[in-house]
Structure formats: C-alpha cells, structure tokens
2 protein chains.
Amino acid sequence: MTGTKIRNMEEFASVSGISRPTLSKFFNDPSSVRTSTRQRIEAALEQYDYQPNLYAVNQNRRLTKNIGVVVPYLADPFFAKIARTIEEHIIETGYRPVLLGSHGSPAMEIANLDNLRSIKPAGVLLAPLGRASDHAKIEAFCGEVPTVLFDANIDGIGEAFVGSNNAQSIGLIVDYLCRTGEPPCFFEMKSPSNPNAFKRRSAYIAAMERLGHSPALIQAEGQGWEFEEIGFREGTRVVRDRNLPTNTLLCSNDRLAIGLLSAAFEAGLRVGIGEGCDLRVAGHDDHPFSRYTCPTLTTVSQDYEAIAKTSAAILLDRIESEETNDSRQERLFDGRLIMRASA
Amino acid sequence: MTGTKIRNMEEFASVSGISRPTLSKFFNDPSSVRTSTRQRIEAALEQYDYQPNLYAVNQNRRLTKNIGVVVPYLADPFFAKIARTIEEHIIETGYRPVLLGSHGSPAMEIANLDNLRSIKPAGVLLAPLGRASDHAKIEAFCGEVPTVLFDANIDGIGEAFVGSNNAQSIGLIVDYLCRTGEPPCFFEMKSPSNPNAFKRRSAYIAAMERLGHSPALIQAEGQGWEFEEIGFREGTRVVRDRNLPTNTLLCSNDRLAIGLLSAAFEAGLRVGIGEGCDLRVAGHDDHPFSRYTCPTLTTVSQDYEAIAKTSAAILLDRIESEETNDSRQERLFDGRLIMRASA
DNA sequence: TTCATAACTTTACGCGCGTAAAGAATTAAA
DNA sequence: TTTAATTCTTTACGCGCGTAAAGTTATGAA
C-alpha cells in the first residue's frame, strides 16, 4: 500500500497484470486460483491500495457474506458477551457479522429483521425476545432467510435451536442447595417474557419433587427487562413480610438475584452460608457482575462459548450445504455450578 | 402489502403507474415530489411489497445514509446505553446507524474503522479507546470521513468533540464529599487507558486545592478494561493495609467503585454515611448497576442524553452542510450529583 | 516430446439503480 | 385564457462487479 489508490477492479487488473475475471474469482475465494497467481495478486495488493466495492459485489451476488446477529438486549452484559463470542466465530469463517439489539421491544425485533432482509444476509443468528415476540413474523422471516435460534427457543421455528439445558442446570443447583441447607423456593417473575423462565420453573419443580421436597414459588410483578429493579422491588416486599417458607432463594436469573441481594442488604439481612446468616441466595447465568455482588453470587454458568460456537457452526453449515433442512435439531449445553459466597 | 412481490424499481414503476426516475427521486427524498404523486406512490407501496435494493442504491451514491457508531466496549452497559441513545437520534433523522464495539483493543478499533470505510459511511461517531488508540490511523480516517468524537477526546482530531465536563462533575462531588465528611482521596488506575481518567485526576487535584485540602491518590495496577476486577484487587489491598489517609474514597469511575465496594464488603467494612461506618465511597458515571451495589453508590451522572443528541446533531449538520470545518468545537456537558447510600 | 487438463485472458452481458437531457403534462399565476 | 414555472415521462448512459462463453496459455503426467 504505497498509497496509489485504485478506483476499481478494472484498474487494479491493469496495474497488476491479472485479468479482471481472475481477480473477481480471487476476491470471492482466494483458494480458487493457482498458488502462483494468488501470490502475484497478493504482491500487487501490497503495492496498491484496493478493495472491491462492497455494494457492487453484493448487488450481483444472490446472497451476501453478511450474517445477522440479533439479541434481545444489548445493554445486558450477558447478551453483549455471547454476541461478541458469536461475532468472533463468524469473522473467523470469513463472514461479516451485523449486530443488532432489540432493546426488549418486539416491534424493534421485527424492525431489525426487516433491516436485515434488506441487506440480504446469508443467514441470521437470533436470540428472540420470547413470548412477546411476533411469532408469525419471525416464522415468515425464517422461511426466507436461514435462521438459527439461540438462548431462547420458539418451537418449530428456525433451522435449529442452541441453548442451555435448563433442566440439568437448575437440577444441579437445586441439588446443591438441598444438600447444603434448606431446600430453596424459586424467585421469578410472574409473567416472564423469556421462554427459559418457564423451563427453569418446571425444572425447579421437577428437581424438588425428585428430592422429595415441595416446591414453592415467589412471583414478582412487573414487565419488561428491568430485572434488577423487579428483583429489588419484590425482594424488598419479601424481606419486609418475612413469611418465606425457607431461608433459601433460587432466582430464575442473576439479574433478579442482583436486585434481590440489594434489597436484602438494605433491609440489613445477612446473606450467605456462614453462621448467623439469614438468607441464602442463588442465581442462574453467571452474569458478569455476579462476581462483584455483596456477597458474591452462587450461580450456574451457561456454556457461552459452546452455545456461541455451535450456533454459528450450525448456521454456516446450513448456509454452505444449501440444503433446506427437514430435521430441526436442538442442541442443549450443560451448565456448571459456580460456588461463591451467597449460597 | 398484499404479498405481490416486486423485483425491482422498473417493475414497481409499471404496476404503480409512476416513472422510474420519479420513483428514484421519491425514495431518496419523499418530499422532493409533488404531494399528489407522493400519495399515489405510498398507496402503491401499501399494495405491493417493494423496497429498493440497498446495494444498487449505495453503489451509485457517493456517500450512503450509513452512520458508523464505534464504542470502546459494547459489553460495558455505560457504552451500550449511550450507543443506543445515539442510534435512536440517528434513525429519527433517516440515517442508518451501524454499531461496532472495539472490545478494548486498538487493533480492533482500527479494524472497525476500516470496515466502516468499506461501507462508505456519511459520517462516524467515535468514542475512541483513548491513549491506546492508534492516533495516526484515526486521524487519517477522520481526514476521509466526517467524524465526531464523543466520550473520550483526542486533541485536534475529528470535526468536534462532545463529552462530559469532568472539571465540573468532579468538582461537584469533591465539594459534596468535603462538605459532608472527610475530604476524599482519589482511587484510580495507575495507567488508565481513557483520557477522561487524566482529566478527572486533574479535576480532583484542582478541586481539593481550591478547598484547601491536600490531594491524595491511590493508584491501582492493572491494564485493560476489567475495571471491576482491578478495583476489587486494589481495594482488597487498600483495605488490608488500612493505611488510608482518609475514610473517603472517590473513584475515577463507577466500575472501579463496584469492585472496591465488593472488596470492602468481603473485608467486613461498613461503607456508608451513617454512624459506625468505616468508609465512604463515591463513583462517577452513574453506571446502570450503581443503583444495585451494596450500599447503593453515590455518584455523578453524565448527561447521556445531551451527549448522544448533540454529537449526532453536530455530525448530521456537518454532513448535510458539506462544509469542511475549520473550527473544531468542543462541547462539554455538566454532570449531576446522584446521592445514594455509599457517601 | 505429446497431450489432456487446469487455469487463465478476452469479450460481452446483466444486475438494479442514479441521474442527465429533452420533451410532455400539469399546475399556478397573470 | 394565456403563460411561465413545476413536475412529470421517456430515453439513455454509467456505476463496479459477477459471470458465462470461447479461445489461449501454462502445467504436469505419460
């Protein structure tokens, strides 16, 4: 890149001594040209500053190298982290990730998909909002664009689903809590927007019954994605009323637990496993902030890496094999117990 | 949208009875055609499902309607929030935001700018990493694409800078802390990557001297963007050594404070303003999680909304007036004291 | 050396749209 | 009603690249 700017592929062809069709092949897939030719082109690229015009390229390709990544809420570090991991895997394979957040709004989720449609993505990785999502429109989108769902499942929609094995992970922490103290009651939202929440509730009930305990649910009012706020509000109420059936609370997710811990702290309750503690609190997800709560939060970590890697791999496989799938696979990954100070 | 799919503008012209050049004008700027014509087109758009091919459109335009938004770290809720606010303002004005995070890596920051270059953005809003950034390459980029910096300034680079008035906001909280208890010492990173950190340090020193106190700095070792971890580590050390010059700590940002609070909690120190408290801790930024720390964190909130709105407005103004600016303006917004329980 | 094959060059067309130019139709003002 | 200004239609070209077809050159095995 000695600075000489090249305006188009024609011009680059003349300065590099390679014909334009060959250059076109090269830019689409460097390995599709002879090694000696590739080296000549790469040498020329060192000298001249040229890259194909993205818009001209994509206009003539039926499907682009873009891959949409849509998550419910980008300001949630959990989704920011998993989205980032997915992005890395996509880039490695030579595709271009396009990251979009829906900010908890079903309308924006659909708007994001519409926006993606206009950039003709090769495929989309979608973590849907869940119950609030416009299922019909998402299904229509999946009919047009190869889409793999992750994190939250919608039955039958998309090429595949990749997520956490809530039955296993909740079972894991229920076992742990029962083994080390009083059986937990389950702290969740009354009308959660995420399908995982329902799975976790069922998994909690099943685990409790398996161990011969009777399940108990504490359900917080509130809508939307301000989970900490909801956890704090309901936590304050629970602590004030002091009519808990047990001293152990298992939260449906870490963000609720963060709010709950804050409420317990304000009320002067000691949370933890030691002597003199009033309450045990556990979460689920291993949220990035759960290491810094007071006390640090015992939780179950999802296998981010595996979920990100697998969902990207399945999508790319579907894209490159071009086969319309008949078998919609569901891949679930086990959680891992993260023991900290809160339970 | 009765479902009849239209393949291109030509086809839409024939079914709508409007000539293609007029349609082209309409899609570029609906107000550029007569009202009656616009209504006929809009009526046709209701019936037929058509939208111009994004790639064909942008190929022929010198500059697109894309606006890049680059932040240092998308997994930081602070940046996620301000980026979101900026996105909203951009969408309102009919442009398309393209959100990119640099994940703390200067190389990725440059890669993001290179990626943006290839989509020919009309302009870019950039919150640079700061000291670690490749200033030369950023400057070169700003020479090609109208760029407004926000959050972190790099002297002389870009069309403008929009950020917080650190002198004011730090002064504000130093005043408050001195008024209500012991003068604070300043808790920060020894080699911070963000230019705001230096401004805040200077502002702290200036405020202390103005009030006749001698400033004291506590500088945490550590690199990168894991501020909570760094705050926790250094916090643990500080608490263990117990050689603080004062019982009040002002943290350079909330994420350091979150780590510090966690360390204080683990060490059994009582943080807060009441009787029997060992320590007061304050932060800066009003991080989304600072409402849920234990105790809740007293801090200074940045004026997200104004920073987002103003930086977007200045950029759009520059884009639409097409004038190469000679006067690089810097706009700073005052912070607001958020009094909570920690100080 | 011979020859089949792979890889290349040359030529040419098309993608969907921006946009310029010239003439026709509409609108608003006189 | 006449006239001038807008706004439209028609026609045509170009953007930068994908890609097909036919001919040419390079490659490597026999």
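Let me start with how the two protein chains meet: 100% of the interface residues of chain A are also interface residues in chain B, so the copies meet through the same surface. Contact here means heavy atoms within 4.5 Å.

A quick word on what we are looking at. This is a predicted model, where local features need pLDDT of at least 70, side-chain atom pairs count only at pLDDT 80 or more, and totals for chains, interfaces and linings use all residues. Residues are numbered from 1 along each chain as its sequence is written, chains are lettered from A and ligands numbered from 1 in the order in which they are written, and side-chain values use heavy atoms, with hydrogens and water left out.

Back to the two chains. Chain A brings 43 residues to the contact, and chain B brings 43 residues too. About 3600 Å² is buried between chain A and chain B, and carbon and sulfur atoms give 61% of that. Buried area, by the way, is the accessible area (1.4 Å probe) that two parts lose on being put together, summed over both. On the chain A side, Tyr55(A), Phe289(A) and Tyr292(A) lose the most area to chain B, together 23% of what that side buries.

How many salt bridges does the rule find across the interface of chain A and chain B? It finds two, taking a salt bridge as a side-chain nitrogen of Lys or Arg within 4 Å of a carboxyl oxygen of Asp or Glu. Glu229(B) and Arg291(A) form a salt bridge through their side chains, at 2.7 Å from N to O. The interface also has eleven residue pairs in polar contact, both residues at pLDDT 80 or more. A polar contact is a pair of N or O atoms within 3.5 Å; within protein, one must be able to donate a hydrogen and the other to accept it, and residues adjacent in sequence count only if both atoms are side-chain atoms.

Which elements of chain A give two or more residues to the side that touches chain B? They are α4, α5 (77-92), β2 (96-101), α6 (106-118), α10 (227-241) and α11 (254-266) of chain A. The biggest giver is α11(A), with six residues. These names come from DSSP runs, numbered from the N terminus: helices are H or I with at least four residues, strands are E with at least two. Sorted by class, that side of chain A has 18 nonpolar, 14 polar and eleven charged residues. For the classes, Ala, Val, Leu, Ile, Met, Phe, Trp, Tyr, Cys and Pro count as nonpolar, Asp, Glu, Lys and Arg as charged, and the others, Gly among them, as polar.

Now the symmetry. Chain A superposes on chain B by a rotation of 180° with 0.0 Å of shift along its axis, at an RMSD of 0.1 Å. That is the relation of a two-fold axis. The fit is by least squares on the C-alpha atoms of residues with pLDDT of at least 70 in both copies. Remember Tyr55(A)? Of the residues of chain A, Tyr55(A) comes closest to the rotation axis, with its C-alpha at 2.3 Å.

On to the DNA, beginning with strand D. It is surrounded by 25 residues, and the closest are Met9(A), Ser24(A), Ser19(B), Thr37(B) and Asn60(B); a residue counts as near if one of its heavy atoms lies within 4 Å of the strand. Of the strand D atoms within 4 Å of the protein, 62% belong to sugar or phosphate and the rest to bases. Asn60(B) has a polar side-chain atom 2.4 Å from a base oxygen of strand D, and an N or O atom in the side chain of Arg20(A) is 2.9 Å from a base oxygen of strand D. A polar backbone atom of Asn53(A) sits 2.9 Å from a phosphate oxygen of strand D.

For strand C, the nearest of 25 residues are Ser19(A), Thr37(A), Asn60(A), Met9(B) and Ser24(B). Arg20(A) appears here as well, with a polar side-chain atom 3.3 Å from a base nitrogen of strand C. Met9(B) places a backbone N or O atom 2.4 Å from a phosphate oxygen of strand C. With four residues, α2(B) gives the most to the surface near strand C.

Finally, a backbone detail. The peptide bond from Cys294(A) to Pro295(A) is cis, with omega near -5°, and Pro295(A) is in the loop between β9 (280-282) and β10 (299-301) of chain A. Most peptide bonds are trans. Thanks for listening!
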